[in-house]
Protein chains: 2
Amino acid sequence: MQNKDDISKKPLTPAMEDYLEAIFNLGKEKKVVRVKDIAKRLGVKMPTVTSMLKSLSKRKLIDYEKYEYLELTKKGLDVGKEIHRRHHILRGFLTDILNIDFKNADEEACKMEHAVSASTLDRFIEFMEFIQFCPRVGLEWLKYFDEYRLHGQEPDKCLARMKEFAKGFRVRIKTMKEVGGEK
Amino acid sequence: MQNKDDISKKPLTPAMEDYLEAIFNLGKEKKVVRVKDIAKRLGVKMPTVTSMLKSLSKRKLIDYEKYEYLELTKKGLDVGKEIHRRHHILRGFLTDILNIDFKNADEEACKMEHAVSASTLDRFIEFMEFIQFCPRVGLEWLKYFDEYRLHGQEPDKCLARMKEFAKGFRVRIKTMKEVGGEK
DNA sequence: GAACTATGTTTGAAAAATCTAACTATCACC
DNA sequence: GGTGATAGTTAGATTTTTCAAACATAGTTC
């Protein structure tokens, strides 16, 4: 049995998830992960990072000795990777399906990634896979949606206008392959 | 100019938004809004509600005198209504498009409603309107998606199988009308 | 209207996430 | 190898949200 203040089963907070994701990403980008870089990435001050590092360390999500380089543990890596995956999928949905620009989509995804359960995320994936694997329907459909957004809502015009559109979608779909496939 | 600890321009916290939404909904369901009911609805204890009521009152979002009935101010009503609208739209997307069951969709929507900006929410609305206003594309497309989810991913089968399906979608679309139209 | 039950509030404490100011360690360079 | 600049930490405070325990009020019923 676990002792009273066992911390291991308490769920992670959104903030913790954000830090783990940031550390995961920085680890891929640079040789070493610095407090300063985490702070910059997350828009907080350095003392805030230090204090969070202590929490993450207490939960065995990172290896951390003060003034030394820090590393994700296996457990921390798993979480970081999972949050990164969520982020990527949701951002993909926002950019490729809803056609929201990258910067905004990235910000929204960062907030949404803590709100969406695993099973809902799977539905998002299926949804995007569907459009990518059923191109005759999916691609046509995305074209329709853009048409609709740009030229109004009359049902009759949907079908007519759709014929004229065929370009620009391969790019969106290509991005999506990556996203859906990463699972 | 505003004095130093002016509170009026500080953004509302997600928790505050949740309370305002709960009060808004309870106000529509019952004659009076009780502390006990808010607590139950949000899964917190009564003292937590009392303390939040004080904060909301300080921000002029509710009219509140202890032991008396509480009411949303104009400002509080606007927020409550807006959060309710977001909730409704996102839940509609989750149930009608991703086909997630109501209970789960409702929970997820409750978390997502704080994460999504106004402009992103508008895209969700356009997206659902599109499916509802372009039924020749939208309805077909939803059928395809269900097919895809239930029977696998071979592109060839998408078109073939789609022909067999035509029922069960009117319901989903009907719900959506309500959602999209509420704006 | 006294007593009992519901409901609501106060008090005091906790955890989480953040900040500023002040301190300390590390690194690089001359 | 001393000295400055950069990076990191500690200390202490604040805000937000929550709770349990104790207290207070309101409502109901005999």
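# Values against cut-offs

Reader: Why does Asp37(A) count as buried?
Author: Asp37(A) has 16% relative accessibility, and buried means under 20% relative accessible area (exposed is over 50%, partly exposed in between, with a 1.4 Å probe and protein chains only). The value falls under that cut-off, so Asp37(A) gets the label buried.

Reader: Before we go on, what am I looking at, and how is it numbered?
Author: This is a predicted model, where local features need pLDDT of at least 70 and side-chain atom pairs count only at pLDDT 80 or more, while totals for chains, interfaces and linings use all residues. Residues are numbered from 1 along each chain as its sequence is written, chains are lettered from A and ligands numbered from 1 in the order in which they are written, and side-chain values use heavy atoms, with hydrogens and water left out.

Reader: Back to Asp37(A), then: where does Asp37(A) lie, and what is Asp37(A) in contact with beyond its neighbours within four places in sequence?
Author: Asp37(A) sits in helix 2 of chain A, residues 35–42. Helices here are DSSP runs of H or I with at least four residues, strands are E runs of at least two, and both are numbered from the N terminus. Outside that sequence window, Asp37(A) is in contact (heavy atoms within 4.5 Å) with Leu26(A) and Lys30(A).

Reader: And in chain B, which residues of helix 2 are buried, and what covers them?
Author: In helix 2 of chain B, residues 35–42, they are Asp37(B), Ile38(B) and Ala39(B). The cover includes helix 1 and helix 3 of chain B. Right after helix 2 of chain B comes Gly43(B), with a positive phi near 70°.

Reader: What makes helix 1 and helix 3 of chain B roughly perpendicular?
Author: Their axes cross at roughly 100° and come within 11 Å, with helix 1 spanning residues 14–29 and helix 3 residues 46–58. The axes are lines fitted to C-alpha atoms over the stretch in contact, with angles from 0 to 180 degrees between N-to-C directions. Roughly perpendicular covers 65 to 115 degrees (under 35 is roughly parallel, over 145 roughly antiparallel, the rest oblique), so helix 1 and helix 3 of chain B fit that class.

Reader: Which residues make that contact, and how do they divide by type?
Author: Helix 1 of chain B brings Ala15(B), Met16(B), Tyr19(B), Leu20(B) and Ile23(B), and helix 3 of chain B brings Thr48(B), Val49(B), Met52(B), Leu53(B), Ser55(B) and Leu56(B). They split into nine nonpolar, two polar and no charged. Nonpolar takes in Ala, Val, Leu, Ile, Met, Phe, Trp, Tyr, Cys and Pro; charged is Asp, Glu, Lys and Arg; the others, Gly among them, are polar.

Reader: Why is Glu65(B) called exposed?
Author: Its 57% relative accessibility is over the cut-off for exposed, so the word applies to Glu65(B). Glu65(B) is in the loop between strand 1 (62–63) and strand 2 (71–72) of chain B. Its C-alpha is 9.5 Å from that of Leu53(B), and the two are 12 residues apart in sequence.

Reader: How do you know that Leu12(A) is partly exposed?
Author: At 26%, the relative accessible area of Leu12(A) falls in between the buried and exposed cut-offs, so "partly exposed" is the label. Leu12(A) belongs to the segment before helix 1 (14–29) of chain A. Leaving out neighbours within four places, its contacts are Glu17(A), Leu20(A), Arg59(A), Leu61(A) and Val79(A).

Reader: What makes Phe93(A) and Phe124(A) an edge-to-face pair?
Author: The structure holds five aromatic pairs over all chains. Phe93(A) and Phe124(A) form one of them, 4.8 Å centre to centre with 80° between the planes. Rings of Phe, Tyr and Trp (its six-membered ring) pair if their centres lie within 6.5 Å, and planes over 60 degrees apart count as edge-to-face, under 30 as stacked and the rest as tilted, so both values pass. Phe93(A) lies in helix 4 (residues 74–97) and Phe124(A) in helix 6 (residues 118–133) of chain A, so the pair ties together parts 31 residues apart in sequence. Phe93(A) is buried at 0% relative accessible area, and Phe124(A) is buried, also at 0%.

Reader: Why is the pair of Phe93(A) and Phe124(B) called tilted instead?
Author: The planes of Phe93(A) and Phe124(B) are 35° apart, with 6.0 Å centre to centre; that angle is neither under the stacked limit nor over the edge-to-face one, so tilted is what remains. This pair crosses between chains, from helix 4 of chain A to helix 6 of chain B. Ring pairs link Phe93(A), Phe124(A), Phe93(B) and Phe124(B) into a cluster.
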